[in-house]
Every structure is written in C-alpha cells, then in structure tokens.
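Thanks for coming. I will go through one model today, starting with a sheet and then moving to the helices and a few single residues. Please look at the sequence and the structure first.

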Amino acid sequence: MTSRIPRDSRLRLVRPRPLAAAPRAMNQRRSRRPAPRPPEGTPAPSELARMARSGLAGAARVARWADAAFRPGRDGGTSDGGGTLSDATAERAAAELGLTPDQVRHDWDTARLAGLVEVHGDTARPGWRLRAWNRDDSAVLRGWVALFDAWSLAHPEAADHEPAAVAEVVSAMPQVLSFLQLSAGPVPMEQLLDLLEQRVTELRTERCEIPYGPRPEPLPQQPEATAVDTPLDPLLDWALHALASVGALTYGDGHATLTPLGSWAVWVKLEQICVAAQSPAGNIEQNAEDMLRGCSQLRPNAARAEYRAWLAARPVGSAVAELLDAARGEDALLRGLAFEAIRVVGAPAEPDVRAVSDETPLRPYALLWLAEHDGIDPEDAHEVLTRAEATWLWVDTAAAVADHGEAPLLVRHLESAVQPTIPALLDEVRAVGHPRTVQVLVALAAAHPDPALAKAVRRAAFQVHTGG
C-alpha cells in the first residue's frame, strides 16, 4: 500500500545559477564573442578615456557644480526652459568657478551633449555618466562619442549659410571622416572639398524624383528650377572647425588630421554600420517583441548578433524602452530575452533598468542586470536577490520552459531552485504569488517521473488554484 505522505525528496544540491532567462535554464552556456579590434596604433581604452576626460574637464566641472548647487527638487537651476541656464545661474557659476558666463554656458551645453547633464522637460539633472565619470572608462568614452555625434550642435553654423546646404554637408561628413580615418594622416582641404562635393552631388541625385503623370510646361517668365549651387568650401571650413572644437580632429594650414579619439570614434561608427548590416535572421526591422521571438530559436551567439544589429539601427533610449515594454508582457521567455538584449546595451541602459527595479515582474531581472553591471560575477549575481525574489524568478523561468521547452528541461530546472527540499520549494512557490504558479506546477507534475513527487506537486497546484 502506497503511503499518502509525500516523500521528502532531497534536491541534488548544485551551485545556484543566475536565472535571468529561459535559455540559461535550458543548459545553454554563455559564450563570449571576441570583440573586433580597432586599427593598429589606436591607444588603449584607458588612454582614450584619459583624453576624453581631459577634453571634457570643463563640462564635468560645471555639471558637478550644478549638481552641488541645485539638488533634485530645487528650483532656479534651469529656469530658462529646455534645460538652459538662466542669466543669474550662469553668473553665479562663473563667480564660483572663476570663469566667464559665456564659458559657463559653453561648458554647460557641452555637458548636455555629452550626457553629463540630462534634460527632462524644463529641468536638468546630473546624468548617470557624471556619477560614473571617475570610475568607468566606458561611460566617459560613450559620453565623448555622444558629443562627437552632435558636433554640428556644439559649434553652430553661421546664420548666413543656406539651411539646405548645411543639412547636405552634415549628411556628407561621415564619408569625409571615413576618408580621413583611412588616410591616417594630414589630408589637404582641397582633397576633402572634392570628396565633399562628390558626396553632396550623390545626395542630390538620390533625392531626385520624377513625378507621375503629365508635367505642365513652365511659363516663359519661370525658368526651369536648378539645384542650389551653394559654394561648399565655407561649409567645409565650418564643419572642420566644429569637429576640431569637440576634439575629433586638428585643423590648420589647410590640412585636417583626425585625433586618436576621432579616429577611434569613426572606427566605432563604421563597426556599428557593419553590425547593423549583418542581420542573418532578418529581425533588424521588427519591433522588439517580434525580434525577441525570432531570436528565441537561435543559439546564444547568433541571438546576440541579432541584438547588436537591432540595437545599432535604433537610438539607445527608445530601444531600451521598447525592450522593457516587451519584458512587461505575459511571455516569460521574452522577459528573459529582453534583459539579455539589454546586456548588450551595457552602461547606457542603467538608468532605465534601475527605474523598473521596483516593478515586481521585472525586479529580479533588473537586480541581476545591475549586479553584473556593477562588476559582480554572473555566477554570484543571484546573491543580490532575496529568497522571495529568487523564487519568483524560478517560477518565471519555469513558465518560460513550460511554454517553449521540453518536459525534461522543466524537470532539470528543479536543480536551480534555492530550496533544499520539494516541500520547502512548494511552500515558497505558493507564497510568492506568481500569476503562472498553477500552470507551472501542473506542467512540472506532468513532466516529473516520480509518481509521489508528481502527486505532491499536483496537490500544491490544486491548493493554489482553490486558494487553500
């Protein structure tokens, strides 16, 4: 006669593993793809970061002053709207820092462009890069690249320049910079001007569209329209001076040369373009949810390549927000995959991940992400979770395995539970109140080969279902 008392089946004790995604529960190990190497002669990241810190020292100084002078919640720091400094604030900063008001305004604008200051509505507050400025070289380099991307805003064009021609030059400058990077030395302005004119002509040709249907004959007093023939040499001069002002190149004696920072930044941009063009599974144009579903069938390396391609084609802020929206859905597998994709983003995602760490479904994933971001070994990151948070994550991962995996994988998932016994696991699973608890327990009971254990799990599922 079989005993009605469920056996205290001891789980085989293994080192707890991070439960950030269903694929990891499926015994898929994270393999690292070697990062592409920058061109030979490029300084080490630490040296590049030192150069960036030096170039942005004034911006960081003004941002720290504003952080100390106007704590969050106080008024008066940015009363002109749009995050600009008021006259009173600029004069006060100039007096305390030993600068002129114009220097303060310039450094403030640079701090905004580099992400040291973030504008929200009509107020500004210190950005995450300012907090990490002294300890995180990657944060410094990303800030400098953000300034590099905004070179045309850092040094606005003259008012008498034709806006359409300015836009064409801004669009054409990546090709000019790529040529400078490949040249790896001083390039005469005449050669750059010739390249710029060719690229602008290509842009104008690409925009040319022939309308359908009959075209009316022009009136005698209205000659045929022609392309604007704006001289490009003054605009090239402006662009090179603007890029020099952010530290991307040196410009003088009719020659331009990329600085080590500028050469590295152009290489980074070219790598991003190459990554964006490499989307073997064709998910680059999908929304976040569809992209993650497509990646759920891929091996880890291939999935990360898709994440990189998808992210490279979008602004970081909106891409992370879209991934977090996908993580809030009902599919637990997408939740885990969304945070795997956010791991590819790295430090720029920190504020958004920290902001969702209070949302119950996302909290365990966010805490693990933040722990790994802070340098904790992924194998030990689970220690930042409370017992309840770890149990919630166990149920969430089990739901992903039950929906998308096979029965043996769900049984193996028991090994990652932090509870030493099945009764303890069932008690704590019932206590955390995960919305998929019943479905997970029913699936586990159906998959487990031990009849007595399966019966205990079914009983727990029934009790959760009935509220008992």
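In what order do the three strands of the open sheet lie, and is the pairing parallel or antiparallel? The order is 3-5-4, and the pairing is antiparallel. Strands here, like helices, are DSSP runs numbered from the N terminus: E over at least two residues for a strand, H or I over at least four for a helix. Two strands pair if DSSP finds at least two bridges between them.

Before the details, some bookkeeping. This is a predicted model, in which local features need pLDDT of at least 70, side-chain atom pairs count only at pLDDT 80 or more, and totals for chains, interfaces and linings use all residues. Residues are numbered from 1 along each chain as its sequence is written, and side-chain values use heavy atoms, with hydrogens and water left out.

On confidence: pLDDT is the predictor's confidence in each residue, from 0 to 100. The chain has a mean pLDDT of 79, with 81% of its residues at 70 or more. Residues 73–79 fall below 50, yet beyond near neighbours in sequence this stretch has 18 contacts in the model. A contact means heavy atoms within 4.5 Å. Residues 221–227 also stay under 50, and for them the model has one contact beyond four places in sequence.

Now the overall numbers. The chain has 468 residues, of which 43% count as buried. Buried means under 20% relative accessible area, exposed means over 50%, and partly exposed is in between, with a 1.4 Å probe and protein chains only. The secondary structure comes to 23 helices and five strands. Among contacts with a separation of 6 or more, 68% are between residues 24 or more positions apart. The exposed surface is about 24,600 Å², and carbon and sulfur atoms supply 53% of it; the areas come from the Shrake-Rupley method with a 1.4 Å probe.

Back to the sheet.

The order is 3-5-4, and the edge strands are strand 3 and strand 4, each pairing on one side only. Strand 3, residues 187–188, pairs with strand 5 over two bridges. Val 187 stands opposite Ala 256, and Pro 188 has His 255 as its bridge partner. On the other side, strand 4, residues 249–252, pairs with strand 5 over four bridges; one of the partnerships is Thr 250 with Thr 257.

In a regular strand the side chains alternate between the two faces of the sheet. In strand 5, residues 255–258, Ala 256 and Leu 258 are on the covered face, while His 255 and Thr 257 are on the uncovered one.

Helix 9, residues 163–183, lies across strands 3, 4 and 5, at about 75° to strand 5. Helix 11, residues 233–245, also packs on the sheet, touching strand 4 and strand 5, and its direction makes about 135° with that of strand 4. Axes are lines fitted to C-alpha atoms, for helices over the stretch in contact, and angles run from 0 to 180 degrees between N-to-C directions.

Two loop residues by the sheet have backbone angles to check. Strand 4 and strand 5 form a hairpin with two residues between them, and Asp 253 in the turn has a positive phi of about 55°. Asp 253 counts as exposed, at 79% relative accessibility. Ala 184, in the loop between helix 9 and strand 3, has a positive phi of about 55° although it is not a glycine. Ala 184 is exposed as well, at 70%.

Next, a helix pair. The axes of helix 14, residues 300–312, and helix 16, residues 332–345, come within 9 Å and cross at roughly 65°. The contact involves Arg 304, Tyr 307, Arg 308 and Leu 311 of helix 14, and Leu 337, Glu 340, Ala 341, Val 344 and Val 345 of helix 16.

Last, two buried residues. Val 353 is in helix 17, residues 350–355, and its relative accessible area is 0%. Not counting residues up to four places away in sequence, Val 353 touches Phe 339, Ile 342, Ala 366, Trp 369 and Leu 370.

Arg 436 lies in the loop between helix 21 and helix 22. Is Arg 436 buried or exposed? Arg 436 is buried, with a relative accessible area of 19%. With the same sequence neighbours left out, Arg 436 touches Glu 330, Ala 399 and Asp 403.
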